[in-house]
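Before you build on this model, I would ask you to read it alongside the notes below. They go through packing, enclosed space, backbone geometry and a few individual residues in turn.

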Amino acid sequence: MNSLVFLCAQKVVCHHATLHGALDFLPKELYPVLFKAAFMDKKIHALQDLVQTWPFPVLSFQKLLRKCQHCERALIRERPNRLCVQTIILGVETYLIKMLEDRHRSKSKGQRLQILDMTGLQDEGQGPESMSLWSRTVTLAKACLDISKQQSKCMKRASKRRKGPYNNSVVLPPPQPIFVDVWVDLFVNSTSYGVLKDALQINSNNALRLRCRDFRAEELSIASTVGLLEFLDPVGVRQVDLRFNNLGLSGLRVVLPHLAKFTKLASLKLPYSNIDVRRLTVGMEGSLQYFATQLSRLACLKELNLGSSRLSGKLTQLLGDLQNPLESLELAFCYLLPNDLAYLSQSLHTPALKKLDLSGNNLSDCLLQPFQVLLTEASGTLMHLDIMESRLMDTHLSTLLPALCRCSRLRYLGVFGNPISTKGLKNLLHRTVGLSDLKLVIYPYPVDCYGEDLPWPPTSSNLLNGLVDEEKFSRVNNELQQMLLSANRADAVWTTNLCRHNSLDYFSL
């Protein structure tokens, strides 16, 4: 239930004229609750006024939009409204332009707002009224360019005023710099590359400065990728995500040295990078070793994603020289061999693993036993386990259950796309229902809910494209939900909805 203070704040932001006239007299302690009320109710005029007169040095989305004593709703976990986000950015622009103009007229009252923290906003399941990470990146880049133009105009006008009236050699001291640092997650592709590059090029001297926390780039050339990495301020970058860029080992050899400057880099994601070590030439062997050497220089690395790279038999070489244990390792569709999992189960990484993704590797055959050992070794820390599309049938699942049930901290389990029967799913639920932290399970459509024409054993493609008897599945789903209720586990979600999967992130573990 919302507090009386918040209910009053909602009433105030509904009357923009009243709020506008009262801002000079409002206690600054009321600004945060007014901001959240205006954001929640999409009162854009109130939002713009609040931003332009913000009395604190920091305006943080994560702090202002989280669940608080006044409002139970955590807006930071919801899709951000496009108009609200645009209004806040425009409000900061207007504030900066006024500060720049007042400074050069010697009318400045001193800068208040110095940091706008926009990190942590959601970027999934976009709707017509929401604003994606890509759109936020473009909007902020354009705002930086607009401020730069305005700043240049103000500086030209000011340069004339700074000269003394009688002697051109008498120059007044330059005014104090004015700036707002925008902490933000950036997402760029070939369409938005140009505008972001232009914004980052002027970043150091601009009044509106982008400070990147998580950087994601898709479908860029090697030169474009390196160019943007060079322009990023290294302070504060915690994640670099380069995907669908077709880098290959030769491209990674060029890109990876540019990551060394990010001394706080905790997460590196390189999925779909076109790496295939199964047929290495002499030159490629050297590139693989160079790749491993560059990884070992990332002293703070805690998360590594090499999904959809063909790494057969090379995990020891790639991960063996890392300085500290990884806490998140994603190796989906990597064509792993038994010796890869054998190395992993004995490595320094496994006792520290919180997140493990081995989806798409055939765990039903020669990988089953080494995976069982790996799961046992990781059971003390593992919170997130993905083994989707791994060809696991009921018998394989039964083999893994003793190790799985030892994972007392497990919060998430993904087994979608495996040929498991209704009986197998019920057994899985019955055996894992005692894992009190396990709140989300993404399970497959049972094989007995498909038509009789389903090939056996079915491939992942057969399961994804096969026709499911919805009536049968509805009955199975109801039975699973009833089992959860009977076990007093209404807090646990068992679903076939893959959209739930994207909401889990290493930094939230």
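The numbered points that follow concern a predicted model, and each takes up one part of it.

1. On the nonpolar packing, the largest core has 146 residues, and those with the most contacts inside it are F215 and F291. Helix α6, which spans residues 82-104, gives the most to this core, with 9 residues. Apart from it lies another core, of 5 residues, including M388, Y412, F416 and I442. In soluble globular proteins, nonpolar side chains tend to be buried together.

2. Which residues does F291 touch, once residues up to four places away in sequence are not counted? They are L249, L252, L256, L270, I275, L306 and L318, and F291 is itself one of the two residues with the most contacts inside the largest nonpolar core.

3. Helix α13, at residues 338-346, has D340, L341, Y343, L344 and S345 as buried residues. These buried residues pack against α12 (315-319), against β8 and against α14 (368-378). The strand β8 covers residues 328-330.

4. Rolling a probe the size of a water molecule over the atoms shows where empty space is left. For this model the count comes to 2 cavities of 30 Å³ or more. The largest cavity has a volume of about 60 Å³, and its lining is formed by L429, T432, V433, L438, V441, L484, R489, A492 and W494. Sorted by class, that lining has 7 nonpolar, 1 polar and 1 charged residues.

5. The second largest cavity has a volume of about 30 Å³. Its lining consists of F416, G417, N418, P444, Y445, Y450 and L463, which by class gives 5 nonpolar, 2 polar and no charged residues. Two of these lining residues return elsewhere in this note: F416 is among the residues of the 5-residue core, and N418 is the subject of the next point.

6. Is N418 buried or exposed? N418 sits in the loop between β11 (412-414) and α16 (422-432), and it counts as buried because its relative accessible area is 0%, where the cut-off for buried is under 20%. The side chain of N418 reaches the backbone oxygen of I387 at 2.9 Å, while a polar atom of that side chain lies 3.0 Å from the backbone nitrogen of R391. Leaving aside neighbours within four places in sequence, N418 is in contact with I387, M388, E389, S390, R391, L392, P444 and L463.

7. R391 also deserves a look for its backbone, since its phi is positive, at about 65°, although R391 is not a glycine. R391 is found in the loop between β10 (384-386) and α15 (394-404), and its backbone nitrogen takes part in the 3.0 Å approach to the side chain of N418.

8. Y335 likewise has a positive phi, near 55°, in a residue other than glycine. Y335 belongs to the loop between β8 (328-330) and α13 (338-346), and it is partly exposed, with a relative accessible area of 43%.

9. Where is P457 placed, given that the peptide bond from W456 to P457 is cis, with omega near -5°? P457 lies in the loop between β12 (440-442) and α17 (460-465).

10. T119 is found in the loop between β2 (115-117) and α7 (133-161), and at 3% relative accessibility it counts as buried. The side chain of T119 makes a polar contact with the side chain of D117 at 2.6 Å, and another with the side chain of Q62 at 3.0 Å. Not counting residues up to four places away in sequence, T119 touches Q62, I76, W183, V184, D185 and R213, so Q62 appears both as a polar partner and in this contact list.

11. G466 is in the loop between α17 and α18 (470-486) and, at 26% relative accessibility, counts as partly exposed. Leaving aside neighbours within four places in sequence, G466 is in contact with Y450 and S461, and Y450 is one of the residues lining the second largest cavity. G466 and D453 are 13 residues apart in sequence and 8.8 Å apart in space, taken C-alpha to C-alpha.

Terms used
Residues are numbered from 1 along each chain as its sequence is written. This is a predicted model: local features need pLDDT of at least 70, side-chain atom pairs count only at pLDDT 80 or more; totals for chains, interfaces and linings use all residues. Side-chain values use heavy atoms; hydrogens and water are left out. On a 1 Å grid over the protein atoms alone, a cavity is a set of points where a 1.4 Å probe fits but cannot get out, and a pocket is an open set with protein on both sides within 12 Å along at least five of seven lines; lining residues have an atom within 4 Å of a point. Grid points are joined across faces, edges and corners, and a volume is the space filled by probe spheres set on the points. Ala, Val, Leu, Ile, Met, Phe, Trp, Tyr, Cys and Pro count as nonpolar, Asp, Glu, Lys and Arg as charged, and the others, Gly among them, as polar. A nonpolar core is a set of buried Ala, Val, Leu, Ile, Met, Phe, Trp, Tyr and Cys residues joined through side-chain atoms within 4.5 Å. Buried means under 20% relative accessible area, exposed over 50%, partly exposed in between (1.4 Å probe, protein chains only). Helices (H or I, at least four residues) and strands (E, at least two) are DSSP runs, numbered from the N terminus. Contact means heavy atoms within 4.5 Å. A polar contact is a pair of N or O atoms within 3.5 Å; within protein, one must be able to donate a hydrogen and the other to accept it, and residues adjacent in sequence count only if both atoms are side-chain atoms.
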